[in-house]
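Biologist: Hey, could you walk me through this one? Put it up on the screen first.

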Amino acid sequence: MSMSTLTTDAKSLVVDNLTLLDSLVPVKFSQKPLHPSTASATKRLIDIVGAIVGLIITALVAIPIAIATIAYDPGPIFYSQIRCGLNGKSFRIWKFRSMVVDAEKLKHLVQNQAQGHIFKCTDDPRITPVGKFLRRTSLDELPQFWNVLVGDMSLVGTRPPTPDEVIHYEPHHWERLRVKPGMTGEWQANGRSSIKDFETIVSMDINYQDKWSIAYDLSLIFKTIWVVFNKSGAY
């Protein structure tokens with residue numbers, strides 16, 4: 001599933017949102033210094049090494065995931081979506097597809113169980129049986145190691161929101177975009193999908209920025225690995 005599968009109206013909405021974001025971002029961030037993590041050479045080195053290892057793992061599991069995905073629901077193996085990263089800059093995120101083809105067109109039929117500017121549903125009917133396994137094990141996230149390698153994301157940060165979420169942000173919400181988006185972070189290591197209140201997520205992201213250090217990043221990475229292997233908080 002990609003931008004090409006969206007309806008014309010949905011495409012226009014994304015374009016309009018990104019255009020508005022382009023005009024808002026300089027206003028939101030022009031007077032504030034970059035977060036120290038964005039200039040850390042050590043953090044970037046860890047990202048590169050971690051991304052290379054992650055992409056090797058991704059290559060090893062890609063074929064069985066592809067076979068399982070196509071067998072149940074023929075279509076693309078990968079899913080891509082426009083997200084907002086550091087300072088609101090847009091980029092294309094990659095995942096293994098966990099939903100039926102054209103799931104975006106069916107989103108309006110699914111009840112949002114989260115509070116605030118995020119979308120969560122405990123038993124989303126668009127997720128395939130294979131997709132449920134991929135999500136519980138976080139295997140669907142593996143292609144994002146490519147995003148980390150090219151520098152759009154970091155191993156640790158805040159989860160990147162969609163333009164239609166960011167367009168409704170209040171001033172304090174923009175603070176969470178002052179670091180690179182991450183494959184993991186406070187939210188993933190301390191609750192994952194069980195946390196459905198957006199304001200709680202924002203607080204956790206700000207807490208990460210306040211506590212940031214290389215050692216803290218490494219602790220969150222190891223904690224995330226533990227959480228994933230225990231399959232807690234994911235659906």
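Modeller: A word on terms: helices (H or I, at least four residues) and strands (E, at least two) are DSSP runs, numbered from the N terminus. This is a predicted model, where local features need pLDDT of at least 70, side-chain atom pairs count only at pLDDT 80 or more, and totals for chains, interfaces and linings use all residues. Residues are numbered from 1 along each chain as its sequence is written, and side-chain values use heavy atoms, with hydrogens and water left out.

Biologist: Okay, so where is Asn 87?

Modeller: Asn 87 sits in the loop between β1 and β2. Its phi is positive, about 60°, although it is not a glycine.

Biologist: Why would anyone flag a positive phi?

Modeller: Because most residues other than glycine have a negative phi.

Biologist: Is Asn 87 buried or exposed?

Modeller: Buried, with a relative accessible area of 19%. The cut-offs: buried means under 20% relative accessible area, exposed over 50%, and partly exposed in between (1.4 Å probe, protein chains only).

Biologist: Where else does a residue that is not a glycine have a positive phi?

Modeller: Ser 138 has one, of about 65°. Ser 138 is in the loop between α3 (129–136) and α4 (144–150), and it counts as buried at 17% relative accessibility.

Biologist: Back to the hairpin. How do β1 and β2 pair?

Modeller: In the antiparallel sense, over 7 bridges, with β1 covering residues 78–84 and β2 residues 90–96. Two strands count as paired if DSSP finds at least two bridges between them. Gln 81, for example, has Ile 93 in β2 as its bridge partner, and there are 5 residues between the strands of the hairpin.

Biologist: How many aromatic pairs are there?

Modeller: A search of the whole structure finds 4. Phe 78 and Phe 96 form a stacked one, 5.3 Å centre to centre with 20° between the planes. That pair links distant parts of the chain, with Phe 78 in strand β1 and Phe 96 in strand β2, 18 residues apart. The rule is that rings of Phe, Tyr and Trp (its six-membered ring) pair if their centres lie within 6.5 Å; planes under 30 degrees apart count as stacked, over 60 as edge-to-face and the rest as tilted.

Biologist: Which of those two rings is buried?

Modeller: Phe 96, at 1% relative accessibility. Phe 78 is partly exposed at 38%. Elsewhere, ring pairs link Tyr 169, Trp 174 and Phe 198 into a cluster.

Biologist: Switching to charges: how many salt bridges?

Modeller: The structure holds 8, each being a side-chain nitrogen of Lys or Arg within 4 Å of a carboxyl oxygen of Asp or Glu. In one of them, Asp 73 meets Arg 97 with the closest N and O atoms 2.6 Å apart. Asp 73 lies in the loop between α2 and β1 and Arg 97 in the loop between β2 and α3, so the pair ties together parts 24 residues apart in sequence.

Biologist: Are Asp 73 and Arg 97 buried or exposed?

Modeller: Asp 73 is buried at 16%, and Arg 97 counts as buried at 3%.

Biologist: What about Arg 176?

Modeller: Arg 176 forms a salt bridge with Asp 205, with the closest N and O atoms 2.8 Å apart. Arg 176 is buried, with a relative accessible area of 3%, and Asp 205 is buried, also with 3%.

Biologist: Last one: how many helices and strands in the protein chain?

Modeller: There are 8 helices and 4 strands.
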